[in-house]
Every structure is written in C-alpha cells, then in structure tokens.
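Let's talk through a protein together, the way one might at the bench. Have a look at the model below, and then we can ask what lies behind some of the words used for it.

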Amino acid sequence: GNRVMLQFKLVLLGDSSVGKSSIVYRFVKDSFDEFRESTIGAAFLSQTIKISGSSEQSETVIKFEIWDTAGQERYKSLAPMYYRNANAALVVYDVTQQDSLTKARAWVNELKNKVGDEDLVICLVGNKIDLCDGDEDKRAVETGEARDYAAEQSLLFYEVSAKTGSGVRQIFESIGEKLYET
Ligand code: GDP
Ligand code: MG
C-alpha cells in the first residue's frame with residue numbers, strides 16, 4: 001500500500017528545569033533519567049508516530065524533528081533560532097511551580113507575535129504531575145486554571161509526567177493529528 005511520511009519541526013520552550021528534555025527523552029526513548037544534568041540535553045532528536053485511522057491500504061507516518069534547547073533557556077535572544085520554521089511548539093511548565101506558568105504564558109505570547117497563529121500548533125504542557133499523586137499540597141497550578149488559559153488562547157493542553165510517562169504520547173499524537181488535518 002501507500003506510505004506517506006510527513007515531516008514536521010517541533011520545538012520545546014519553557015523555563016529551565018520544568019522537564020522539557022525529560023519529556024523528549026520519554027517520547028523518543030521511553031525512559032527517564034532522574035540524574036541527567038539539565039544542561040546536557042539532546043539538542044536534536046527525531047521520532048515517528050502513525051496517525052490513527054490511517055487504513056491498511058495507505059498509512060500516514062508523522063516524523064517529528066525535535067529541537068530541544070540544551071540549557072540556553074536563559075538566553076532569550078537565542079530562542080528565535082529554535083522556533084524559526086517550527087510547525088509545532090510544546091510550551092512546558094511545572095505544575096508544582098506557579099512561576100513556570102507565568103514564563104509559559106510569556107513564551108506563548110512571543111510565539112504568537114513572532115511566528116503567528118495559523119502556522120503553528122502550540123501545546124501547553126503541565127509536567128511533573130507524579131509529584132501531586134497523593135499529595136495535592138504540592139500542586140501550585142490548578143488544572144482548571146491552565147485549561148481555561150489554553151482554551152482562551154486556542155492551545156492544545158495536557159498534564160503529563162515524564163517520570164511515569166503518563167500523558168506524554170498523547171501530546172505528540174494530538175499534535176500529529178492536528179498537523180495532519182491542516
Ligand atoms: P529542562 O531543563 O526543562 O530540560 O528539564 P529536565 O528535563 O532537565 O528536568 C529537570 C529536572 O526535573 C530533572 O531533575 C528531572 O529528573 C526532573 N523531572 C523532569 N520531569 C519530571 C517529572 O515528570 N516528574 C518528576 N518528579 N521530576 C521530573
Ligand atoms: Mg533541557
């Protein structure tokens with residue numbers, strides 16, 4: 001049958017230590033390394049997914065070229081280099097750090113100003129939900145707050161844990177489907 005391969009550039013943005021590299025690592029290698037140094041991020045990785053609903057006669061595969069900032073989050077001037085020509089962006093915050101959502105909002109604004117809405121699928125991602133399992137006191141960002149903000153800005157939204165893997169695959173599947181539709 002037919003095999004169609006679509007390739008998209010995906011970037012990760014967000015405050016340092018929110019778990020961007022860990023999300024990529026989980027998606028690409030299906031593993032998690034508690035002690036990996038935050039500055040040693042794979043700057044470039046790729047991974048493919050099949051689009052659900054593609055029939056046996058014709059199969060559509062989405063290849064993500066993933067650009068992770070290798071610890072340069074602090075140098076905001078470098079960011080345009082990453083997100084130039086991006087098709088999708090994960091804007092990540094840590095659900096236990098309210099300030100990281102403020103940073104995430106700033107990234108969303110920057111993307112919308114510099115790249116434009118129509119060309120870019122943006123997904124807001126709240127990471128580290130495992131830290132709230134059985135300990136809701138640790139949560140600093142309520143799901144509803146982030147979800148309302150995402151809806152208002154027309155962003156995809158997921159809460160995930162790179163540590164357990166919960167929700168990580170769904171991020172890429174829903175982005176893949178959205179990119180495929182457009
Ligand atoms: P980055 O700077 O945004 O790329 O963040 P990293 O992926 O380097 O992660 C920063 C720190 O948070 C590391 O110590 C990770 O082990 C930890 N971390 C990342 N994701 C999770 C998660 O889902 N749960 C928990 N508990 N820790 C995480
Ligand atoms: Mg990193």
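The questions and answers that follow concern this predicted model, taking the strands, then the ligand, then a few single residues.

Q: Good to have a model on screen! What makes β5 and β6 a pair of strands?
A: Two strands count as paired when there are at least two bridges between them. Strand β5 (residues 121-127) and strand β6 (residues 156-159) have 4 bridges, in the parallel sense, so they meet that cut-off. For a place to look, find Cys123, which stands opposite Leu156 in β6.

Q: Which helix belongs with β5 and β6 in a β-α-β unit, and what is the hand of that unit?
A: It is helix α4 (residues 143-152), and the β-α-β unit that β5, α4 and β6 make is right-handed. The word is used because, with the strands pointing away from the viewer, the path from the first strand over the helix to the second runs clockwise.

Q: How do you know that β1 and β3 pair, and in which sense do they run?
A: Strand β1 (residues 2-14) and strand β3 (residues 58-67) are joined by 10 bridges and run parallel. Pairing asks for at least two bridges, so the term applies here. Asn2 stands opposite Ser58 in β3.

Q: And what is the sense of the pairing between β2 and β3?
A: Antiparallel: strand β2 (residues 44-50) pairs with β3 over 7 bridges. In this pairing, Lys50 stands opposite Val61 of β3.

Q: Which strands does β4 pair with in the parallel sense?
A: Among them are β1, joined to β4 by 5 bridges, and β5, which pairs with β4 over 7 bridges. Leu10 stands opposite Ala88 in β4, while the bridge partner of Asp94 in β5 is Asn127.

Q: Why is β4 called mostly covered?
A: Buried means under 20% relative accessible area, and 7 of the 7 residues of β4 are buried. Side chains in a regular strand alternate between the two faces of the sheet, so it is worth checking each face. On one side of β4 sit Ala88, Leu90, Val92 and Asp94, and on the other Ala89, Val91 and Tyr93; they are all buried, and both faces are covered.

Q: Let's turn to the ligand. What makes a residue part of the surroundings of ligand 1, and which come nearest?
A: The test is a heavy atom within 4 Å. There are 21 residues around ligand 1, and Ser17, Lys20, Ser22, Asp130 and Ala162 come nearest. By class, this shell has 9 charged, 8 polar and 4 nonpolar residues. Helix α1 (residues 20-29) gives the most to it, with 3 residues.

Q: How do you know that Ser17, Ser161 and Ala162 make polar contacts with ligand 1?
A: The cut-off is a pair of N or O atoms within 3.5 Å. A polar backbone atom of Ser17 lies 2.8 Å from an oxygen atom of ligand 1, and a polar backbone atom of Ala162 lies 2.9 Å from an oxygen atom of the ligand. For Ser161 a polar side-chain atom is involved, at 3.4 Å from an oxygen atom of ligand 1. These three distances therefore pass. As for cover, the protein takes up 89% of the 580 Å² of accessible area that ligand 1 has on its own.

Q: What is the phi of Ser17, and where does Ser17 lie?
A: Phi of Ser17 is near 75°, a positive value in a residue other than glycine. Ser17 is in the loop between β1 and α1.

Q: Why is Asn85 called exposed?
A: Exposed means over 50%, and Asn85 has 64% relative accessibility, so the word fits. Asn85 lies in the loop between α2 (79-83) and β4 (88-94), and has a positive phi of about 65° although it is not a glycine.

Q: Why is Arg105 called partly exposed?
A: Partly exposed lies between the limits of 20% and 50%. Arg105 has a relative accessible area of 32%, so that is its class. Arg105 is in helix α3 (residues 98-114). Its C-alpha is 9.9 Å from that of Gln153, though the two are 48 residues apart in sequence.

How values were computed:
Residues numbered from 1 in each chain as written. Chains lettered and ligands numbered in written order. Predicted model: local features only at pLDDT ≥ 70, side-chain atom pairs only at ≥ 80, totals over all residues. Heavy atoms only, no water. Helix = DSSP H or I, 4+ residues; strand = E, 2+ residues; numbered from the N terminus. Polar contact = N/O pair within 3.5 Å; in protein donor to acceptor, adjacent residues only side chain to side chain. Areas by Shrake-Rupley, 256 points an atom, 1.4 Å probe, with all protein chains shown as cover. Nonpolar A, V, L, I, M, F, W, Y, C, P; charged D, E, K, R; others polar. Buried < 20%, exposed > 50% of the residue type's maximum accessible area, 1.4 Å probe, protein only.
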